[in-house]
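Visitor: Please take me through one part of this model at close range. I would like to look at the nonpolar core, and then at what surrounds it.

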Amino acid sequence: GMQGILFLVYTAGVMFVLRTYFAGIAHRSPIGTLVVCSVLAAVGLYWLGSLQPGASPVMAFAAATLFGIGKTYFWPTMLGVTAERFPRGGALLISVMGGAGMLSVALILPMMGARIDQLGAGAALQAVAGLGVVLFVIFGGLYLYFRARGGYKAVALPPQ
């Protein structure tokens, strides 16, 4: 049980360092950042789920590092893209995005629990890694969509 908490604290530390000192990464290409984060989170979760008991701590921390980097920019970048592309939505739209995020957690946790009960924690992590692949397809499609239209640009509201 304690190893899981250590990985949680470690990945939270990775997120803290990256968001504090490398926040500008997501500003260069928000959709590209989401594509890369999808891949890193999926690979990291799948790798963590495939580790066998007694695996090298170095391998476990390498997998956790990939997952930590992958999850770092998801939430703030998705909120930023929402705010930039739909500025008229304001606080209501940001709240809807927050609600959608919380709903997704509420839906996936019981499924993960059932998977853990049936097949073990590794299988649950590997199954959730599949969601990263789904996000890769979605964000990859958005990336190609914006690229075909001259690149991603924030929508500016006219002055009042």
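Guide: What follows starts at the core and moves outward to the aromatic pairs, a pocket and two single residues. Keep in mind that this is a predicted model.

Start with the core. The largest nonpolar core has 21 residues. Within this core, L34 and F74 have the most contacts. Five helices each supply at least two of its residues: α1, α3 (30-50), α4 (57-72), α5 and α7 (121-148). The largest share, 7 residues, comes from α3. A general tendency fits here. In soluble globular proteins, nonpolar side chains tend to be buried together.

Now take L34. Set aside residues up to four places away in sequence, and L34 touches Y73, F74, T77, M78, V81 and F139. Two of those partners, F74 and F139, are buried.

That leads to the rings. The structure holds 5 aromatic pairs. One of them joins F7 and F61, with ring centres 4.9 Å apart. Their planes meet at 45°, so this pair is tilted. F7 lies in helix α1 and F61 in helix α4, so the pair ties together parts that are 54 residues apart in sequence. F7 counts as partly exposed, because its relative accessibility is 21% and the buried class needs a value under 20%. F61 also counts as partly exposed, at 34% relative accessibility. F74 and F139 form another tilted aromatic pair, at 6.4 Å centre to centre and 40° between the planes. Here F74 sits in helix α5 and F139 in helix α7, so parts 65 residues apart in sequence are tied together. Both F74 and F139 are buried. Return to F7 and F61 for a moment. Together with Y10, they form one aromatic cluster.

Next, the second largest pocket. Its volume is about 230 Å³. The lining consists of R19, A23, A26, H27, P30, Y73, P76, T77, G80, V81 and E84. Three of these names are familiar from L34, which touches Y73, T77 and V81. Helices α2 (25-28) and α5 (74-85) each supply at least two lining residues. The largest share, 5 residues, comes from α5. By class, the lining has 6 nonpolar, 3 polar and 2 charged residues.

Two single residues remain. T11 is found in helix α1, which spans residues 2-21. T11 is buried, because its relative accessible area is 4% and the cut-off for buried is under 20%. Leave aside its neighbours within four places in sequence, and T11 is in contact with A64, F67, G68 and K71.

G113 has its place in helix α6, residues 90-119. With a relative accessible area of 27%, G113 is partly exposed. Its C-alpha atom is separated by 27 Å from that of F139. Along the chain, G113 and F139 are 26 residues apart.

To pull this together, F139 is a useful residue to follow. F139 touches L34 and forms a tilted pair with F74. F74, in turn, is listed with L34 as having the most contacts inside the core.

How values were computed: Residues are numbered from 1 along each chain as its sequence is written. This is a predicted model: local features need pLDDT of at least 70, side-chain atom pairs count only at pLDDT 80 or more; totals for chains, interfaces and linings use all residues. Side-chain values use heavy atoms; hydrogens and water are left out. On a 1 Å grid over the protein atoms alone, a cavity is a set of points where a 1.4 Å probe fits but cannot get out, and a pocket is an open set with protein on both sides within 12 Å along at least five of seven lines; lining residues have an atom within 4 Å of a point. Grid points are joined across faces, edges and corners, and a volume is the space filled by probe spheres set on the points. Helices (H or I, at least four residues) and strands (E, at least two) are DSSP runs, numbered from the N terminus. Ala, Val, Leu, Ile, Met, Phe, Trp, Tyr, Cys and Pro count as nonpolar, Asp, Glu, Lys and Arg as charged, and the others, Gly among them, as polar. Buried means under 20% relative accessible area, exposed over 50%, partly exposed in between (1.4 Å probe, protein chains only). Contact means heavy atoms within 4.5 Å. A nonpolar core is a set of buried Ala, Val, Leu, Ile, Met, Phe, Trp, Tyr and Cys residues joined through side-chain atoms within 4.5 Å. Rings of Phe, Tyr and Trp (its six-membered ring) pair if their centres lie within 6.5 Å; planes under 30 degrees apart count as stacked, over 60 as edge-to-face and the rest as tilted.
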